[in-house]
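Grab a pencil and work through these exercises on pockets and a chain interface. Each task comes with a solution that goes step by step.

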2 protein chains.
Amino acid sequence: MKPGERVDRQARILEAAMDLLSRHGISGVNMRAVAREAGVALGLVNYYYEDKTSLIRAALKRVDEHDIALVKPDPASPPKERLLEALRRVADPELLTTPYLSLRLHLWALAQANEDFAAINDAAFERYVDGLAALIGKARLDLAPEECRKRADDIVVIQNGMWLTALLGLDRASTERSINRTEEIAFAP
Amino acid sequence: MKPGERVDRQARILEAAMDLLSRHGISGVNMRAVAREAGVALGLVNYYYEDKTSLIRAALKRVDEHDIALVKPDPASPPKERLLEALRRVADPELLTTPYLSLRLHLWALAQANEDFAAINDAAFERYVDGLAALIGKARLDLAPEECRKRADDIVVIQNGMWLTALLGLDRASTERSINRTEEIAFAP
DNA sequence: GTCGAGTTTGAACATCTGTTCAAGACTAGA
DNA sequence: TCTAGTCTTGAACAGATGTTCAAACTCGAC
């Protein structure tokens with residue numbers, strides 16, 4: 001059997017769930033809809049994911065890992081470029097898409113209602129800010145760690161704002177100005 | 001009958017729905033839970049609100065009106081103070097509470113999944129940015145309207161970021177720095 | 001008191017949802 | 001080919017959910 005022809009149904013189920021969550025919110029994610037979207041039978045969803053919560057948790061973890069990867073860029077390039085790249089990547093049109101942002105928003109809302117999800121989310125957020133602070137530290141050896149952390153905090157506020165406002169139709173020019181603001185914070189004397 | 005003793009059950013139902021939405025998300029808002037929380041019988045919820053969607057819509061509208069009121073402050077005070085006040089009020093500990101922010105987040109997520117809600121939300125967002133741009137215009141007669149609008153756009157990004165990040169435990173000092181940033185944008189030469 | 005309009009109740013109904021499970025299909029090794 | 005283990009199916013079940021509605025209640029006007 002040729003590779004690629006064989007379908008990984010577990011992955012298809014997860015993608016179907018993420019797609020439904022992004023498009024219709026949590027009320028649109030039910031086992032039957034997921035199965036239909038993934039093209040499998042109802043029972044298979046519960047075969048791969050113990051229950052609905054595990055399925056959502058898997059989606060949340062995948063998105064969190066994706067976010068954290070943003071602040072762990074190519075370790076080959078010099079520190080300043082790495083930081084710049086990380087700051088710019090947040091507004092990459094590939095990432096700043098409505099489906100992705102919408103998915104993030106729904107997962108964030110779920111974390112508000114479920115402390116189990118909240119814990120996962122909080123940990124990922126911590127790792128993100130830590131990663132950003134570390135990037136700043138490497139690029140700006142003159143700054144104390146607390147100052148790096150402070151700047152990372154400030155940058156994250158703007159990034160979250162960009163990201164959230166993008167869902168309401170933030171224009172590209174405004175995005176660019178916000179990116180510049182994060183760069184100014186990172187590279188301020 | 002003493003005023004205040006008589007309960008406005010319609011209002012109590014709406015408040016119960018908003019409370020549940022804030023705490024447990026949309027899955028926690030069902031007619032029975034709303035009735036229980038409001039202390040009324042199940043049927044009464046459908047008596048005052050045609051269906052569940054109308055109930056959520058009413059909650060969304062109330063929150064939107066509340067937000068827009070932030071950029072329509074006391075018209076008695078001078079323009080610069082009015083603007084400052086509006087910029088600071090966003091981070092007022094009375095407003096920046098977890099229940100309120102959580103409610104906003106859930107409503108935003110719902111707007112992503114339902115184009116009817118999205119339209120209401122978009123209109124409110126437009127009105128908010130317009131209001132902010134108008135406040136800047138009154139405080140800064142030297143700026144062209146387009147420049148005011150641009151600055152309002154930039155400020156809104158930071159405000160949304162503050163607001164969203166506050167849900168993840170943004171500390172007060174970081175909030176203050178973000179507020180200062182919005183003031184710098186508004187009053188920049 | 002009686003009437004009537006407005007309000008309030010909770011049982012009933014149809015539908016939807018998460019989960020279980022027995023049965024079948026598929027696959028690789030013997 | 002046979003077998004054992006894994007994967008896949010969809011019917012079935014129990015419980016939840018939105019909505020309807022007939023009956024009961026409230027209270028001011030007459």
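**Exercise 1.** Find how much space lies in the second largest pocket of this predicted model, and work out which kind of residue lines it.

*Solution.* Start with the volume: the second largest pocket holds about 170 Å³ of space. Next, list the lining. Chain A brings A:Arg177, A:Asn180, A:Arg181 and A:Glu184, while B:Glu147, B:Lys150, B:Arg151, B:Asp154, B:Ile185 and B:Ala188 come from chain B. Now look at the elements: α9 (172-187) of chain A and α8 (145-166) of chain B are the ones that give two or more residues to this lining. Finally, sort by type, and you get seven charged residues, two nonpolar and one polar.

**Exercise 2.** Pick out the salt bridge that A:Arg177 forms, and put it in the setting of the interface.

*Solution.* A:Arg177 was among the lining residues in the list above, and so was B:Asp154. These two pair up as a salt bridge, with 2.9 Å between the closest N and O atoms. That sits inside the 4 Å cut-off for a salt bridge. Zoom out to the whole interface of chain B and chain A, and the rule finds four salt bridges. Polar contacts between the chains come to twelve residue pairs.

**Exercise 3.** Describe the side of chain B that touches chain A: which elements, and which residue types?

*Solution.* First, the elements: α1, α6, α7 (115-139), α8 and α9 (172-187) of chain B each supply at least two residues of that side. The largest share, twelve residues, is from α8(B). By type, the side splits into 16 nonpolar, twelve polar and seven charged residues.

**Exercise 4.** How much area do the two chains bury, and which three residues of chain B supply the most?

*Solution.* Begin with the contacts: 35 residues of chain B meet 35 residues of chain A. Between them the chains bury about 3000 Å², and 63% of that is on carbon and sulfur atoms. On the chain B side, B:Gln112, B:Val157 and B:Leu168 supply 22% of the buried area, more than any other three residues.

**Exercise 5.** Now do the largest pocket: give its volume, its lining and the elements behind it.

*Solution.* The volume is about 470 Å³. Of the 28 lining residues, A:Ile26, A:Ser27, B:Ile26, B:Ser27 and B:Leu110 lie nearest the centre. In both chains, α1 (9-24), α4 (52-69) and α6 (98-113) each supply at least two lining residues. The type count for this lining is 14 nonpolar, twelve polar and two charged.

Technical notes: Residues numbered from 1 in each chain as written. Chains lettered and ligands numbered in written order. Predicted model: local features only at pLDDT ≥ 70, side-chain atom pairs only at ≥ 80, totals over all residues. Heavy atoms only, no water. 1 Å grid on protein atoms, 1.4 Å probe; cavity = no way out; pocket = protein on both sides within 12 Å on 5 of 7 lines; lining within 4 Å. Points joined across faces, edges and corners; volume = space filled by probe spheres on them. Helix = DSSP H or I, 4+ residues; strand = E, 2+ residues; numbered from the N terminus. Nonpolar A, V, L, I, M, F, W, Y, C, P; charged D, E, K, R; others polar. Contact = heavy atoms within 4.5 Å. Buried area = accessible area lost by both parts, 1.4 Å probe. Salt bridge = Lys/Arg side-chain N within 4 Å of Asp/Glu carboxyl O. Polar contact = N/O pair within 3.5 Å; in protein donor to acceptor, adjacent residues only side chain to side chain.
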